[in-house]
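This report describes a protein model with its ligands. It goes from a single side chain to the chain as a whole, and then to the ligand surroundings.

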Amino acid sequence: MTKTFHVTTFGCQMNEHDSERMKGMLVALGYAETEEQRDAELILFNTCSIREKADSRFISYLQLAASYKRRNPEIVIGVGGCWAQSVKDDVFRQFPYVDVAFGPGQVHKLAEFLTSDSLTAQGFFEFEGFTGHLPSARERDVQGWVQISAGCNMKCSYCIVPSTRGRQVDRPLDELVAEVREMVDGGVIEVTLLGQNVNAYGRAVRDGERTSFAALLHALDEIDGLRRVRYTSPHPQDMTEDVVLAHATLDSVCPHMHLPLQSGSSRILKAMRRTYDRGRFLDRVGLIRGHNPDIALTTDIIVGFPGETEADFAQTLEVCEEVGFDGAFTFIYSPRRDTEAAAFTDDFVPHEVAVERMERLVETVQRRAAERAQRFVGRTLDVLVEGPSRTDPSRLRGRSGHGKTVNFSGLAQAGEIVPVQITGSTSQTLSGEMSLLARALVS
Ligand code: 5AD
Ligand code: SF4
């Protein structure tokens with residue numbers, strides 16, 4: 001049955017644009033929009049303004065949503081945008097009925113949440129301030145989402161997906177290529193492929209066709225006008241050399257891979273049933289970087305899994321030091337109903353311990369990400385313009401192929417890909433200036 005959603009948008013044009021991207025993504029995931037908030041199973045708010053307190057109009061809407069949820073606990077409430085960003089995890093403390101919160105423009109975060117039937121994310125959200133009303137920068141929609149598979153055949157012991165979404169089903173390759181071609185004809189230049197275990201694609205196509213994730217990437221690369229292909233989330237087990245090579249050889253496949261580690265301790269990985277150990281994960285990273293030395297690697301990590309000792313956690317920190325991720329989503333373990341790990345109640349890690357580990361983890365990840373980001377300074381990167389910068393409306397904001405947010409000065413329309421000379425970096429964002437000379441050369 002189709003799930004339904006409703007989005008209430010507060011604030012400026014940029015939020016309107018983000019809401020449209022959110023809606024596009026939800027429709028790609030098979031959701032249908034409702035006119036009224038009270039008819040939706042997924043109620044979303046795209047919030048505005050960096051105020052200490054949320055504005056009262058938003059609160060009254062949110063309380064209304066909470067009253068629907070009291071009647072129907074299956075309803076999911078999500079809060080995104082600038083206010084959510086400004087209070088971060090405090091959203092959950094102030095409004096315990098909120099299921100997911102995400103920062104401005106972090107539509108992919110919502111996609112990950114929804115496709116994983118997940119949890120309360122302790123994110124590592126991109127932090128940018130906000131400065132009131134900004135000019136409209138909305139042009140045609142150039143970014144699209146395509147769900148290539150549903151369900152998951154793995155049995156990760158913490159994960160609710162296998163029990164809620166069932167076994168993996170893949171859509172036929174021809175159908176996906178035709179859909180993407182149509183999107184490109186409609187103006188899309190970047191697609192994100194979605195799936196629970198996206199790189200296991202190809203084995204579970206209904207009509208018996210056998211194909212592979214790499215074959216899909218090759219087929220999409222043939223589509224004229226499709227400039228960027230991204231995907232989320234792959235499993236390290238299925239990160240085969242043909243997929244790694246697709247990054248190296250196909251122009252459209254972005255130099256970014258999100259490769260969930262979950263833990264750096266082989267003992268915990270075993271208890272999580274992740275099917276790889278620390279050594280195998282590091283081998284995969286070696287293979288990926290061997291073929292793609294410049295690729296950005298991001299990851300997901302869970303802290304406080306039952307039985308995680310200080311020594312286990314120290315190994316997670318070690319892997320983060322060694323790999324040097326360009327970013328990470330970090331989660332405190334939370335038991336999910338109908339999962340194997342929900343029964344591991346004996347070795348529960350106390351919440352304070354998990355929070356303290358999380359702080360150390362975020363420090364390590366951020367420090368390494370900041371170091372890694374320095375490699376971009378002095379280079380010219382292609383940036384897909386998304387709109388005005390959130391911190392300084394006289395500047396622009398966009399995303400590089402590596403998935404980095406870039407704030408820059410220049411003149412360009414949302415939806416264009418422009419060369420930007422990078423002059424500065426932090427763990428999360430890059431800054432620079434549009435390179436007019438390079439632009440003249442490409443156009
Ligand atoms: N507790 C904490 N984090 C979880 N994730 C999935 N299930 C749980 C859970 N029960 C995290 C994993 C996954 C991401 C989408 O959510 O890190 O990769
Ligand atoms: Fe869940 Fe594991 Fe499947 Fe990911 S691979 S959806 S974590 S069972």
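Which backbone oxygen does the side chain of H6 reach? In this predicted model, the backbone oxygen of E35 lies 3.3 Å from the side chain of H6.

**H6 and its surroundings**

H6 belongs to strand β1, which covers residues 3-9. With a relative accessible area of 13%, H6 is buried, because the cut-off for that class is under 20%. Leaving aside residues up to four places away in sequence, H6 touches T34, E35, E36, Q37, A40, L42, I43 and L44. E35 is thus on the contact list of H6 and also provides the backbone oxygen reached by the H6 side chain.

**The chain as a whole**

The protein has 443 residues, of which 56% are buried. Its secondary structure consists of 14 helices and 18 strands. Among contacts with a separation of 6 or more, 73% link residues 24 or more positions apart. The exposed area of the protein is about 18,500 Å², and 50% of it comes from carbon and sulfur atoms.

The average pLDDT is 86, and 89% of the residues score at least 70. In residues 117-139 the pLDDT stays under 50. For this segment the model has 83 contacts beyond four places in sequence.

**Two buried loop residues**

Is Q106 buried or exposed? Q106 has 4% relative accessibility and therefore counts as buried. Q106 sits in the loop that joins β5 (100-102) to α5 (107-115). Its C-alpha atom is 7.9 Å from that of G80, although the two residues are 26 residues apart along the chain.

E308 lies in the loop between β12 and α12 (310-323). Its relative accessible area is 5%, so E308 is buried. Beyond four places in sequence, the residues that E308 touches are I268, I302, V303, F313, V349 and R357.

**Ligand 1**

Eleven residues surround ligand 1, and Y158, Q262, D300, S334 and R336 come nearest. By class, the shell holds six nonpolar, three polar and two charged residues. Strands β12 (296-303) and β13 (327-332) each contribute at least two residues to this shell. Polar contacts of ligand 1 include those in the table.

| Residue | Polar atom of the residue | Atom of ligand 1 | Distance |
|---|---|---|---|
| Y158 | backbone | nitrogen | 3.1 Å |
| D300 | side chain | oxygen | 2.6 Å |
| S334 | backbone | nitrogen | 2.7 Å |

On its own, ligand 1 has 400 Å² of accessible area, and the protein covers 92% of this. The backbone of Y158 and the backbone of S334 each supply a polar atom that pairs with a nitrogen atom of the ligand, whereas D300 uses a polar side-chain atom to approach an oxygen atom.

**Ligand 2**

Which residues surround ligand 2? The shell is made up of C152, M154, C156, Y158, C159, V161, P162, Q196, H235 and R274. Seven of these residues are nonpolar, two are polar and one is charged. Y158 is listed around ligand 2 and is also one of the residues that come nearest to ligand 1. The charged residue in the shell of ligand 2 is R274, because Arg is classed as charged.

Definitions and conventions:
Residues numbered from 1 in each chain as written. Chains lettered and ligands numbered in written order. Predicted model: local features only at pLDDT ≥ 70, side-chain atom pairs only at ≥ 80, totals over all residues. Heavy atoms only, no water. Helix = DSSP H or I, 4+ residues; strand = E, 2+ residues; numbered from the N terminus. Buried < 20%, exposed > 50% of the residue type's maximum accessible area, 1.4 Å probe, protein only. Contact = heavy atoms within 4.5 Å. Areas by Shrake-Rupley, 256 points an atom, 1.4 Å probe, with all protein chains shown as cover. pLDDT = per-residue confidence, 0-100. Near = heavy atom within 4 Å. Polar contact = N/O pair within 3.5 Å; in protein donor to acceptor, adjacent residues only side chain to side chain.
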